[in-house]
Structure formats: structure tokens, C-alpha cells
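Here are some comments on the model you sent, set out as numbered points. They deal with the nonpolar surface and then with the nonpolar interior.

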Amino acid sequence: MEILIISIVAFLAALLTFFSGFGLGTILTPVMLIFFPPEIAISLTGIVHFCNNIFKLTIIGKEFNKEVLIKFGIPAVLFAFVGSYALFFISNDTLFTYSLLGNNMNVSYLQFIIAIILIAFALIDLIPFFKKLKFNKSILPMGGILSGFFGGLTGNQGALRSAFLIKMDLDKTVFIATTVVISFFVDLTRIGVYFSNIKDFDISNYIVLGLAAIFSAVAGSFLGFKSLKKITLNYIRNLVAIMILLIAFLLLLGVL
């Protein structure tokens, strides 16, 4: 039963997030956690995410913007390491606590700050007055630094990355391809970290489930690619904004 449920979720999540550039891990991880311990769930999700990115590279990756990749992607990957390392030193004190379905939920100052930043970016795309706002390419390195650093701290680099890049007024295909390439390099780094730190993880125990989830995600991405011509940039902007709001809402609830 878990194979069927995870495969369906992987397919739908990959289809939806093909356009937004982020969200597959956010959607798939909670479902994995229903069936597996956290370290296994996160590792399996990472593998599915990585393989799905490899597939997306083959079908759309060549359309990436080289300037954006260099000026934004390199700082993002480097500062993801800095953010991950800083996580052990920055205070993550609880801002407030509440009860949800009998569970005590804690929201830290850091989660609250990131949520507010994400909400601000989302509203810029949803409020008509701000829709004409564009970012100049000169701020690409700063965008990469901020998204990488805070992504390393919170694990939500994809949302911050898309929040910046969607403001660059890139062609829809270029936007998707560039986020795929950057996401691929981020995945390369974190996959290595996962498997160097998780003990007693025997991948042979999860081959059937893993293959089912990977092929389902690939099918979802392929359907998304085939639908790309029917999708407008405005649709992608609105989708990114709505998904960013969802991530922010989950952060404010202490779920992420």
C-alpha cells in the first residue's frame, strides 16, 4: 500500500513542481515520514528528487541561462554550506508554542523570519501593483547568497531560489531550466551528506519502492514538460507565489 500511495504523491508533486522549480521534497517528505523513520524518509526523498532532476536536465536543462547560473547558482551552492554550518551556532530559540491535534508545535524566531520574507515575495507577485516589479541582474549574487544561506539554515532553498528568479523576467522555459540546473548541484552536495551520516542504511531494502517513486516522479515531470507550451509565464508566477505562501504558512505553523 505504501508503494502505491508514495508513487501517486510523487507523480502529482513532480507534475505540479515542474513549473514552480521547487516543492517536490516538501510534498513528498511528509508522506515518506508516515511509513519510515526520519533519516530513511529524508534519504529516499533526496534520491527521488535527485533522479527526477537528472531526468529534467535531459529534457530541458540545455535551455538554462548561463549568466544566472554563474552569478546566482554558484553563490547559492556555496552559501548553502555556510548556512548548514551556521545552523549549529545560530540560536534557534522558540518564539511561540501551541497545540495542534494533541501535539505541541514550536515555531522558532528563524522560522518566523523566513516565513515573513517568503510572504513578502509572494505578495509582490500576487498584488497587481507590484507585478511589474523586476529585479536587475546586478543583484543575482546577493540573491544567491541569501537563498543559499537561509536555505541551508531551513532546508527551503528552493522556495527562496524561485522567489528571486521569477522576478528576473526570464522566459518560462529558461526559468524552469535554470532552476533545474541549480537544484541539481544542490542535490549533489546534500546526497553525499545524507549517505555519509546515515548508518545502517541498506538501499537494497528499498529498491522496489524507490524505483516506483522515481518512475512516478519522472512520469509527472514528463507530463509537465509536454504541457509547457500550454502554460503561460503568468501562470507560473502565480503558482510560485501560491506555493511560497504555502511554505510560509507551514513554517508559521511549525510543520516545516
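1. Patches are made of residues with over 30% relative accessible area and no salt bridge (a side-chain nitrogen of Lys or Arg within 4 Å of a carboxyl oxygen of Asp or Glu), like charges being joined within 9 Å and nonpolar side chains (Val, Leu, Ile, Met, Phe, Trp, Tyr) within 5 Å. Accessible areas come from the Shrake-Rupley method with a 1.4 Å probe, and for residues only the protein chains shown count as cover.

2. This is a predicted model, in which local features need pLDDT of at least 70 and side-chain atom pairs count only at pLDDT 80 or more, while totals for chains, interfaces and linings use all residues. Residues are numbered from 1 along each chain as its sequence is written, and side-chain values use heavy atoms, with hydrogens and water left out.

3. On the surface, Met 1, Leu 4, Ile 5, Ile 8, Leu 12, Ile 34 and Phe 35 form a nonpolar patch that together has about 710 Å² of accessible area. Helices α1 (2-20) and α2 (24-35) each supply at least two of its residues (helices are DSSP runs of H or I, at least four residues, numbered from the N terminus), and α1 gives the largest share, 4 residues.

4. Leu 4, which lies in helix α1, is exposed, with a relative accessible area of 52% (exposed means over 50%, buried under 20%, partly exposed in between).

5. The largest nonpolar core (buried Ala, Val, Leu, Ile, Met, Phe, Trp, Tyr and Cys residues joined through side-chain atoms within 4.5 Å) has 45 residues, and Phe 19 and Leu 118 are among those with the most contacts inside it. Its largest share, 9 residues, comes from α10.

Methods
Buried < 20%, exposed > 50% of the residue type's maximum accessible area, 1.4 Å probe, protein only.
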